[in-house]
Amino acid sequence: MIPIRVAGPTVEPVGLAEMRAYLRLDSDAGGAEDALIGSLLAAARAGIEAATRRLLAPGRYRIMLTAWPTDGVLPLPLSPLVAVERAGLVDAQGAVTDLPAGLVRLGPDPVEAPDLRIDPGAPPLDARAALVEVSAGYGGDGLPVPPGLVQAIRLLAAHGFEHRGDTAAPPPSVAALVEPLRRLRL
């Protein structure tokens with residue numbers, strides 16, 4: 001079971017205008033560097049997401065199951081979980097029949113131990129599959145991005161902007177901001 005992103009980030013945690021101001025770029029430049037700054041912001045966000053195992057931009061993810069978990073708990077690598085958007089059964093022809101609300105719900109800690117709880121009354125899958133779509137990530141309808149991670153994105157993007165083409169290591173302050181918010185792996 002691998003969650004598949006079906007709707008990507010529409011809003012980065014650090015906007016282009018905010019980053020231009022952080023870099024102290026002259027507004028008379030006409031936006032010549034905007035594409036570069038945008039790609040540096042996206043890369044910085046992705047790097048911080050990988051380091052922390054947290055999603056820093058909201059997204060929608062699809063999970064397909066061929067069997068319900070025996071203990072009714074489905075751990076997910078998506079933190080923070082925001083909501084179960086849809087849960088249904090998929091028949092052999094691909095038609096989806098939605099399940100009643102509440103049969104698949106968020107676990108008690110959607111940030112540090114994100115999981116889904118499957119009600120024991122959920123119908124057996126037999127020859128069907130289960131389709132579950134969840135919203136996950138900071139921003140949007142979820143929790144705000146922790147300020148330390150926003151600053152880490154700024155620092156990493158600024159570092160990439162200043163050292164274009166160089167192989168200079170990121171500043172140690174990025175790791176210092178990220179480390180306290182890193183989700184542990186068991």
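This briefing walks through the charged pairs, one helix and one strand of the structure above. The model is a predicted one. The count of salt bridges comes to 11, while the count of aromatic pairs comes to zero. Two elements get most of the attention here: helix H2, residues 34–52, and strand S8, residues 129–136.

**Salt bridges around helix H2**

- Asp 34 and Arg 20 form a salt bridge, with 2.9 Å between the closest N and O atoms. That pair ties together distant parts of the chain, since Asp 34 sits in H2 and Arg 20 in helix H1 (residues 16–22), 14 residues apart.
- How exposed are the two partners? Asp 34 is partly exposed, with a relative accessible area of 23%, whereas Arg 20 is buried at 13%. The cut-off for buried is under 20%, so Arg 20 falls inside it and Asp 34 does not.
- Further along H2, Glu 49 pairs up with Arg 45 in another salt bridge, the closest N and O atoms being 3.0 Å apart.
- Why can these two side chains pair within one helix? Glu 49 and Arg 45 are four residues apart in H2, so about one helical turn separates them. As a rule, an α-helix has 3.6 residues a turn, so residues three or four places apart point the same way.
- Glu 49 and Arg 45 are both buried.
- Arg 45 and Glu 49 also belong to a network of salt bridges that takes in Glu 12.

**Helix H2 itself**

- H2 has 19 residues and reaches 27 Å from its first C-alpha to its last, close to the 27 Å expected at 1.5 Å a residue.
- Which residues of H2 are buried? They are Ile 37, Leu 40, Leu 41, Ala 44, Arg 45, Ile 48, Glu 49 and Thr 52. The salt-bridged Arg 45 and Glu 49 are thus on the buried list.
- The cover over those buried residues includes H1, helix H3 (147–162) and helix H4 (172–178).
- Just past the end of H2, Arg 53 takes a positive phi of about 60°.

**Strand S8 and its neighbours**

- Eight of the eight residues of S8 are buried, so the strand is largely enclosed by the rest of the structure.
- Ala 129, Leu 131, Glu 133 and Ser 135 point one way from S8, Ala 130, Val 132, Val 134 and Ala 136 point the other way, and all are buried.
- Strand S2 (residues 59–65) pairs with S8 in the antiparallel sense over seven bridges. Here Arg 60 stands opposite Ser 135.
- Strand S4 (residues 81–90) also pairs with S8 in the antiparallel sense, over eight bridges. Val 90 stands opposite Ala 129 in this case.

**A salt bridge between S2 and S8**

- The side chains of Arg 60 and Glu 133 meet in a salt bridge, at 2.7 Å from N to O.
- Arg 60 lies in S2 and Glu 133 in S8, so this pair links distant parts of the chain, 73 residues apart.
- Buried or partly exposed? Glu 133 counts as buried at 5% relative accessibility, while Arg 60 is partly exposed at 27%.

**A charge over a ring**

- Arg 164 lies over the face of Phe 161, 4.2 Å from the ring centre.

How values were computed: Residues are numbered from 1 along each chain as its sequence is written. This is a predicted model: local features need pLDDT of at least 70, side-chain atom pairs count only at pLDDT 80 or more; totals for chains, interfaces and linings use all residues. Side-chain values use heavy atoms; hydrogens and water are left out. A salt bridge is a side-chain nitrogen of Lys or Arg within 4 Å of a carboxyl oxygen of Asp or Glu. Buried means under 20% relative accessible area, exposed over 50%, partly exposed in between (1.4 Å probe, protein chains only). Rings of Phe, Tyr and Trp (its six-membered ring) pair if their centres lie within 6.5 Å; planes under 30 degrees apart count as stacked, over 60 as edge-to-face and the rest as tilted. A charge sits over a ring if NZ of Lys or CZ of Arg is within 6 Å of the ring centre and within 35 degrees of the ring normal. The expected span of a helix is 1.5 Å times one less than its number of residues. Contact means heavy atoms within 4.5 Å. Two strands pair if DSSP finds at least two bridges between them.
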